[in-house]
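Here's a quick briefing to read with the model open on your screen. Take a look at the structure first, then work through the notes by topic.

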Number of protein chains: 2
Amino acid sequence: MVAEGAQTEKLIKEKAKKLFFQKGFLNATTQEIADEAGVNRALIHYYFRSREQMLDILLDETMREKKERVSSILSSDLPFKKKIARYIDALVDHGLNYPYLDNFIISETARHPDKIKEFCSKVNVKSSDLISEQLAAEIKKKKIAPITAEHFMVNLSALCNYPLLAKSVLQAIHGMTDTSYRKFLIERKQIIYKTIFNEEMPE
Amino acid sequence: MVAEGAQTEKLIKEKAKKLFFQKGFLNATTQEIADEAGVNRALIHYYFRSREQMLDILLDETMREKKERVSSILSSDLPFKKKIARYIDALVDHGLNYPYLDNFIISETARHPDKIKEFCSKVNVKSSDLISEQLAAEIKKKKIAPITAEHFMVNLSALCNYPLLAKSVLQAIHGMTDTSYRKFLIERKQIIYKTIFNEEMPE
DNA sequence: CTTTGCGTTAACAAATTTGTTAAACAAAAA
DNA sequence: TTTTTGTTTAACAAATTTGTTAACGCAAAG
């Protein structure tokens with residue numbers, strides 16, 4: 001049973017991401033990660049030196065991937081409402097895969113405030129900048145009620161991300177199964193669009 | 001320096017809440033809590049037996065308090081929009097005090113799914129039930145666009161809670177200071193009302 | 001004044017978790 | 001076949017963290 005090096009590294013990363021970002025075990029131990037991947041714990045240190053460094057890599061990788069997906073949509077030349085519809089779609093879909101990613105980032109940055117600053121300086125994407133002109137134009141044309149780009153983006157993030165983040169709680173309160181909650185989240189894409197624009201989502 | 005018993009217990013709880021719910025250190029050690037309170041670590045075990053039990057008490061106490069505040073508003077006989085305005089106000093104000101409470105609950109329940117179920121069975125408050133009739137009435141009167149009570153409440157929670165939860169991230173992205181972020185959150189009360197009802201918040 | 005009991009502390013013990021290292025192992029190169 | 005290289009493992013060491021305990025101090029009760 002010899003797993004090629006790069007394979008193992010990838011396997012560990014995948015399983016660690018699963019524990020952290022899908023299951024929400026944000027203090028998963030190196031042992032738990034190793035068990036999940038079915039490898040010896042020392043391999044984590046062999047490939048990543050320390051838990052801390054692995055964590056940084058996972059976070060950087062996952063956030064980068066998400067940011068790419070998301071800002072490619074926001075920087076596209078789609079008409080505004082279409083763009084936002086796509087954005088909602090991407091955000092919710094990504095969140096279905098990694099519901100606890102934001103939760104992880106929040107905890108991590110609460111402890112180590114420098115990390116988020118450092119990361120922002122590397123991957124600086126102030127998403128509100130990407131839509132501010134288009135938003136202003138829509139507002140001028142009276143297509144949308146006046147709102148700043150910051151509040152608009154925060155509204156959007158909140159409506160998309162929160163139900164993913166708070167999955168366990170909302171699911172328990174409303175007594176939903178995993179599948180019915182998933183359905184609820186898919187439904188929300190339309191709801192969010194409607195809440196933001198006060199009109200049905202087209203098509 | 002003899003601190004009365006009940007005083008000390010209260011002090012420890014306060015400082016622990018500060019670390020967990022205000023600062024977002026959701027793996028604060030017993031030592032950190034003791035230091036914050038300026039007492040010997042053993043006192044935590046003296047009063048709460050174990051870290052685990054203290055945590056349960058803190059969570060129960062804080063959630064109960066929040067639920068009371070919040071559902072008293074929702075079960076009042078205010079007109080619908082006034083009621084929601086109050087609700088937004090209460091939720092954001094509470095969140096200003098304990099921005100990381102939800103984050104804590106989320107992590108906790110991810111690890112121990114039973115806890116949230118147990119809690120829900122004790123303090124069963126399905127907030128959407130408290131407004132569903134009134135909401136339906138408003139919709140019938142064409143005052144609000146059609147939406148289920150569940151989605152309506154999740155929208156509301158999302159818009160209120162997410163910016164508190166994600167404080168560190170949003171603050172970093174938008175380059176805000178603590179005070180300007182606080183201002184931003186206060187502003188949001190109107191924004192949220194406007195987003196939900198598509199009209200200015202009165203008074 | 002002595003005793004009793006609660007609150008407090010320091011010191012200790014145990015458990016958990018991370019990180020290191022030397023040896024084992026397998027496949028490719030010599 | 002032997003060597004070499006990169007990967008994997010078990011065993012060990014160190015650090016962190018939780019939980020326990022015995023002793024100390026002080027105030028109120030006897």
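A:Y47 is partly exposed, because 18 other C-beta atoms sit within 10 Å of its own, and a residue needs 20 or more to count as buried. Bear in mind that this is a predicted model. The notes below start with A:Y47, then move on to chain A, the pairing of the chains, the core and a few other residues.

**Around A:Y47**
- You'll find A:Y47 in helix α3 of chain A, which covers residues 42–48.
- Setting aside neighbours within four places in sequence, A:Y47 is in contact with A:E9 and A:I12.
- A:Q7 is 40 residues away from A:Y47 along the chain, yet their C-alpha atoms are 11 Å apart.

**A:R49, in the loop after α3**
- A:R49 sits in the loop that links α3 to α4 (51–74) in chain A.
- A:R49 isn't a glycine, but its phi is positive, at about 70 degrees.
- Is A:R49 buried or exposed? A:R49 counts as exposed, because it has 10 C-beta neighbours inside 10 Å, and the cut-off for exposed is 12 or fewer.

**Chain A overall**
- Chain A has 11 helices and zero strands, so reading from the N terminus you meet α elements from start to finish.
- Along the principal axes, the C-alpha atoms of chain A fill a box of roughly 65 × 40 × 30 Å.
- Of the 203 residues in chain A, 37% are buried.
- Take the contacts in chain A between residues at least 6 apart in sequence: 60% of them join residues at least 24 apart.

**How confident is the prediction in chain A?**
- The mean pLDDT for chain A is 93, and 97% of the residues score at least 70.
- Which helix of chain A has the lowest confidence, and which the highest? Helix α7 (residues 113–122) is lowest with a mean of 80, while helix α2 (residues 30–37) is highest at 98.
- As a general caution, predicted coordinates shouldn't be read in detail where pLDDT is low.

**How the two chains pair up**
- On the contact surface, 44 residues of chain B are in contact with 44 residues of chain A.
- On the chain B side, at least two residues each come from α6 (101–111), α7 (113–122), α9 (149–165), α10 (167–173) and α11 (178–197).
- α9(B) gives the most to that side, with 11 residues.
- By type, the residues on the chain B side that touch chain A split into 23 nonpolar, 13 polar and eight charged.
- A turn of 180 degrees and a shift of 0.0 Å along the axis lays chain B on chain A with an RMSD of 0.1 Å.
- The two copies are therefore related as by a two-fold rotation axis.
- In chain B, B:A158 has the C-alpha nearest that axis, at 2.6 Å from it.
- The copies meet through the same surface, because 100% of the interface residues of chain B are also interface residues in chain A.

**The nonpolar core**
- The largest nonpolar core contains 106 residues.
- Which residues have the most contacts inside that core? They are A:F20, A:I88 and A:L159, along with B:F20, B:I88 and B:L159.
- Beyond residues up to four places away in sequence, B:I88 touches B:C160, B:K189, B:I192 and B:Y193.
- For background, nonpolar side chains in soluble globular proteins tend to be buried together.

**Residues to look at in chain B**
- B:F152 belongs to helix α9 of chain B, and counts as buried because it has 20 C-beta neighbours inside 10 Å.
- Leaving out neighbours within four places in sequence, B:F152 is in contact with B:L135 and B:I147.
- B:R111 is 41 residues from B:F152 in sequence, and their C-alpha atoms are 28 Å apart in space.
- B:S132 lies in helix α8 (residues 127–140) of chain B, and is partly exposed, with 16 other C-beta atoms within 10 Å.
- The C-alpha atoms of B:S132 and B:T148 are separated by 7.9 Å, with their positions 16 residues apart along the chain.
- B:N198 is in the segment after α11 of chain B, and has a positive phi of about 60 degrees despite not being a glycine.
- With 13 other C-beta atoms within 10 Å, B:N198 is partly exposed.

Technical notes. Residues are numbered from 1 along each chain as its sequence is written. Chains are lettered from A and ligands numbered from 1 in the order in which they are written. A nonpolar core is a set of buried Ala, Val, Leu, Ile, Met, Phe, Trp, Tyr and Cys residues joined through C-beta atoms within 7 Å. Two residues are in contact if their C-beta atoms, placed from the backbone, lie within 7 Å. Helices (H or I, at least four residues) and strands (E, at least two) are DSSP runs, numbered from the N terminus. Ala, Val, Leu, Ile, Met, Phe, Trp, Tyr, Cys and Pro count as nonpolar, Asp, Glu, Lys and Arg as charged, and the others, Gly among them, as polar. Copies are superposed by least squares on the C-alpha atoms of residues with pLDDT of at least 70 in both. pLDDT is the predictor's confidence in each residue, from 0 to 100.
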